[in-house]
Amino acid sequence: MRTSPTTVLIVGSGPTGLTLAVDLARRAVDVRIIDKAPDFPRTSRAKGPNPRSLEVLEDLGVIDEVLAAGSAPLPMRKYRGGVAISDADPYAEARPAPDAPHDRPRLVAQWRLEEVLRARLAEFGVRVELGTELVGLAQDGSSVTAALAGGGEIEARYAVGCDGGHSAVRKLLGIPFEGKTDEAQMMVCGDVEVQGPDRGLWHQWFDEDGAVMLCPIPGTRSGWWFQAGPETDASGAPVPPSLESFRRLFAKHTRLPGDLLTAATLLSAYRVNERMAERYRAGRVLLAGDAAHVHSIAGGLGMNTGIQDAYNLGWKLARVASGQAGPALLDTYEEERLPVAAEVLDISAERLRATLEAIKKPGGGLDSAVGPGTDGLGSGYRWSSLAASPGATPRLRAGDRAPDAPCRDAATGAPRRLFEVFAGPHFTLLGFGTGTAPALREAAAAHAGELRAYGVDAGGAGGLADDGGHARAAYGVGPDEDLLVLVRPDNHVGLIAPAGEAGAVGAYLNGATAPNGAALERA
């Protein structure tokens, strides 16, 4: 049976698929999201959003719920031979900054983050369709037909595979998933109930012949994430995860009674996989998240890279689907995100190497997995054809992440952050200085509905006062300089231009900048 057509079909309802669904739904794009699982998973798996993902979740309107659902990262206690050796807090010196309000990740169970995103999606009248398995894909010049187990079909204008490392979408498209699996680097994992250890710490027992790590799951009374090197049998083969095996590993490395561990669920065995899809788009079908790339868990970048994939894709897919831009805009998704995934592979591999080296010595632990690049704040798209503007400041170039800054509403005097004016599905034009006022008026009038324009220290109602100079400092704009900065809906800088060049803003919004300098095709 064929159901009513939809605009976008999303396959997979993990954090990546849900982020994309929320972003599209808030842009009034008709979307369906399916998942083959019969029930929503309770797996804790990824340990939470990093600072850049927190910025994404703030824009999507769920930051308060996410912060309430989790906790700050915990200090890490490292043991050797069952004896506490040292404590470490890799975020001890971190502080929120005017341009970056989130200075550390948030510890949140994946199932809880998914609950928050599903609740937000339901506000737009969209719900995940469980027990709906994709088994076939066909497409032509105008639509995609998804064949379902049991004989049903869904027709959509576009489809996005957010269905994990074993992606059915990627396999049906025949897209190679190049890389490697390190069979020697194996870990057994699960959610366990444990009595005894202090829940204010992330406990890490590292011995020469193995390890056990226990991190408390926020929002639970006695739930913990359990990670360990597996037991091996007489032949040297790894023993599958089980409650009995976890108890033996727990007793061996902690020197505590094994029966303190009373339950073990959602058991899995993890091997280090480093793979990337050869391409992210095949016609009207795209890939995001683990369907497009998988990484070492070191640095906690897998889920976060997927969330940020979805954030990059959402506004582009919405503009194409609504006829505001031609299909060529979708090519910039791969152009921008594939190099980021390659960089993340390098970062996570380096963090894994550093961690494996650190734990050889007493006192080494998972704090070595935290390092440059793991906060996600440095990722930008300077190479992109959507960042072709020659304009730049000493701090920013087109393609960079747009910084936050505390300002005031010029009319009311109320505090107002730049992230607050960015929030939503629109482009934002900042005009620094009074000389930008004509360009702001012209751009706002010509692009009403898709652009919001704000003068920064430009005078007039509806503007922003940069009393502390934080906005000018973050954007590298001198105290007497007049400058236009166009911010994309995914909070990256699209254009930096002199005060009088309102035409450059219009050209950008009309799709004048495209891959290889070609004009974006109008739908």
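1. A quick convention before the helix pairs: axes are lines fitted to C-alpha atoms over the stretch in contact, and angles run from 0 to 180 degrees between N-to-C directions. Keep in mind, too, that this is a predicted model.

2. Let's start with α7 and helix α8 (residues 331-358), whose axes come within 10 Å and cross at roughly 170°. Angles over 145 degrees count as roughly antiparallel, and α7 and α8 are therefore roughly antiparallel to each other. On the α7 side the contact uses Thr 305, Gln 308, Asp 309, Asn 312, Leu 313 and Lys 316, and these meet Thr 332, Tyr 333, Glu 336, Arg 337 and Val 344 of α8. Sorted by class, the α7 and α8 contact comes out as 3 nonpolar, 4 polar and 4 charged residues.

3. Next, α7 against α1. These two pack at an angle of about 25°, and their axes are 8 Å apart. With the cut-off for roughly parallel set at under 35 degrees, α1 and α7 are therefore roughly parallel to each other. Their crossing is right-handed.

4. Who touches whom here? From α1 you get Pro 15, Thr 16, Thr 19, Leu 20, Asp 23 and Leu 24. They meet a run of α7 residues: Met 303, Gly 306, Ile 307, Ala 310, Tyr 311, Leu 313, Gly 314, Trp 315, Leu 317 and Ala 318. The class count for α1 with α7 is 11 nonpolar, 4 polar and 1 charged. Leu 313 is worth a click, since that α7 residue is in the contact with α1 and also in the one with α8.

5. Helix α1 (residues 15-25) also packs on helix α4 (residues 110-122), at an angle of about 20° and with the axes 9 Å apart. That angle makes α1 roughly parallel to α4. The crossing of α1 past α4 is left-handed. Pro 15, Leu 18, Thr 19, Ala 21, Val 22 and Ala 25 are the α1 residues involved, and α4 brings Gln 110, Glu 114, Leu 117, Arg 118, Arg 120 and Leu 121. In class terms that is 7 nonpolar, 2 polar and 3 charged residues. Pro 15 and Thr 19 of α1 appear in this contact and in the one with α7.

6. On to the voids: the whole structure has 3 cavities of 30 Å³ or more. The second largest cavity holds about 70 Å³ of space. Its lining is Arg 52, Gln 308, Tyr 311, Asn 312, Arg 337, Gly 376, Ser 379, Tyr 381, Asp 490 and His 492. Helix α7 (residues 302-321) gives the most to that lining, with 3 residues. The lining splits into 2 nonpolar, 5 polar and 3 charged residues.

7. There's a link back to point 2: Gln 308, Asn 312 and Arg 337 line this cavity, and those residues also take part in the contact of α7 with α8. Tyr 311, another lining residue, belongs to the contact of α7 with α1.

8. Last, the second largest pocket, with a volume of about 230 Å³. It's lined by 18 residues, and Pro 51, Tyr 91, Ala 94, Asp 103 and Asp 375 lie nearest its centre. By class, the pocket lining has 10 nonpolar, 4 polar and 4 charged residues.

Methods: Residues are numbered from 1 along each chain as its sequence is written. This is a predicted model: local features need pLDDT of at least 70, side-chain atom pairs count only at pLDDT 80 or more; totals for chains, interfaces and linings use all residues. Side-chain values use heavy atoms; hydrogens and water are left out. Helices (H or I, at least four residues) and strands (E, at least two) are DSSP runs, numbered from the N terminus. Angles under 35 degrees count as roughly parallel, over 145 as roughly antiparallel, 65 to 115 as roughly perpendicular and the rest as oblique. A crossing is left-handed if the near helix is turned anticlockwise from the far one by less than a right angle, and right-handed if clockwise. Contact means heavy atoms within 4.5 Å. Ala, Val, Leu, Ile, Met, Phe, Trp, Tyr, Cys and Pro count as nonpolar, Asp, Glu, Lys and Arg as charged, and the others, Gly among them, as polar. On a 1 Å grid over the protein atoms alone, a cavity is a set of points where a 1.4 Å probe fits but cannot get out, and a pocket is an open set with protein on both sides within 12 Å along at least five of seven lines; lining residues have an atom within 4 Å of a point. Grid points are joined across faces, edges and corners, and a volume is the space filled by probe spheres set on the points.
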